[in-house]
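Visitor: I am new to this structure and would like a close look at a single part of it. Please take the charged and aromatic side chains, and go through them step by step.

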Amino acid sequence: MKHNEYEYLLNKIYYKGVLKNQGINADMYQRMQNEYSNLDGQNPVKGQLDGEYAFRKSFLVVRNYVQQAIKDGMKSFQFTMRATDINKLTYMVDMLNRNFFDKQSLDQIIITANSVFNQYNLKN
């Protein structure tokens, strides 16, 4: 997934000024992507634990921002959303509460959240 899906989700929910002040941007996702790409599960070497730690650390940051964005989006726009979409988003928040480090699952959650929020033409 491209980093702009992540950035698009955050921009859909928050004011761009808030994101800039907090330092939240696509660079965070890109860092996680780069660290994920550097992992090599077939050849364990001495530095691999450091790489795994770096990936998990950046993954947690991205995962937490995605979870908070979905929660804030639901809170802000719950009165205009259909119940099925609220249930879908609630399920995604619950999934993000679990202790997982699967980048593909996180990417799918981001894509699905974007598709749900896009239905409502949210404007901040």
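Guide: A good place to start is R63, whose charged end sits over the ring of F101, 5.7 Å from the ring centre. The model is a predicted one. A second contact of this kind involves K103, which lies over the face of Y36 at 5.6 Å from the ring centre.

Both of these rings, F101 and Y36, belong to a cluster that ring pairs link together, with F55, F59 and F100 as the other members. The count of aromatic pairs comes to 5. In one of them, the rings of Y36 and F55 have centres 5.4 Å apart and planes at 45°, so the pair is tilted. Y36 lies in helix 3 (residues 26–38) and F55 in helix 4, so this pair ties together parts that are 19 residues apart in sequence. Y36 is partly exposed, with a relative accessible area of 29%, whereas F55 counts as buried at 2%. The rings of F55 and F59 form another tilted pair, with centres 5.6 Å apart and planes at 50°. F55 and F59 are 4 residues apart in helix 4, so about one helical turn separates them. F59 is buried as well, with a relative accessible area of 0%.

K103, the residue over Y36, also takes part in a salt bridge with D107, where the closest N and O atoms are 2.6 Å apart. The two residues are 4 apart in helix 6, so they are separated by about one helical turn. K103 is buried at 5% relative accessible area, and D107 counts as buried at 8%. Their helix, helix 6 (residues 103–118), has 16 residues and reaches 22 Å from its first C-alpha to its last, close to the 22 Å expected. Its buried residues include K103 and D107, along with L106, I109 and I110.

A search of the whole structure finds 3 salt bridges. One of them joins the side chains of R56 and E52, at 2.9 Å from N to O. These residues are 4 apart in helix 4 (residues 48–77), so about one helical turn lies between them. R56 is partly exposed at 35%, and E52 counts as partly exposed at 25%. Another salt bridge is formed by R82 and D85, with the closest N and O atoms 3.3 Å apart. Here R82 counts as partly exposed at 47% relative accessibility, while D85 counts as buried at 2%.

Conventions. Residues are numbered from 1 along each chain as its sequence is written. This is a predicted model: local features need pLDDT of at least 70, side-chain atom pairs count only at pLDDT 80 or more; totals for chains, interfaces and linings use all residues. Side-chain values use heavy atoms; hydrogens and water are left out. The expected span of a helix is 1.5 Å times one less than its number of residues. Buried means under 20% relative accessible area, exposed over 50%, partly exposed in between (1.4 Å probe, protein chains only). A salt bridge is a side-chain nitrogen of Lys or Arg within 4 Å of a carboxyl oxygen of Asp or Glu. Rings of Phe, Tyr and Trp (its six-membered ring) pair if their centres lie within 6.5 Å; planes under 30 degrees apart count as stacked, over 60 as edge-to-face and the rest as tilted. A charge sits over a ring if NZ of Lys or CZ of Arg is within 6 Å of the ring centre and within 35 degrees of the ring normal.
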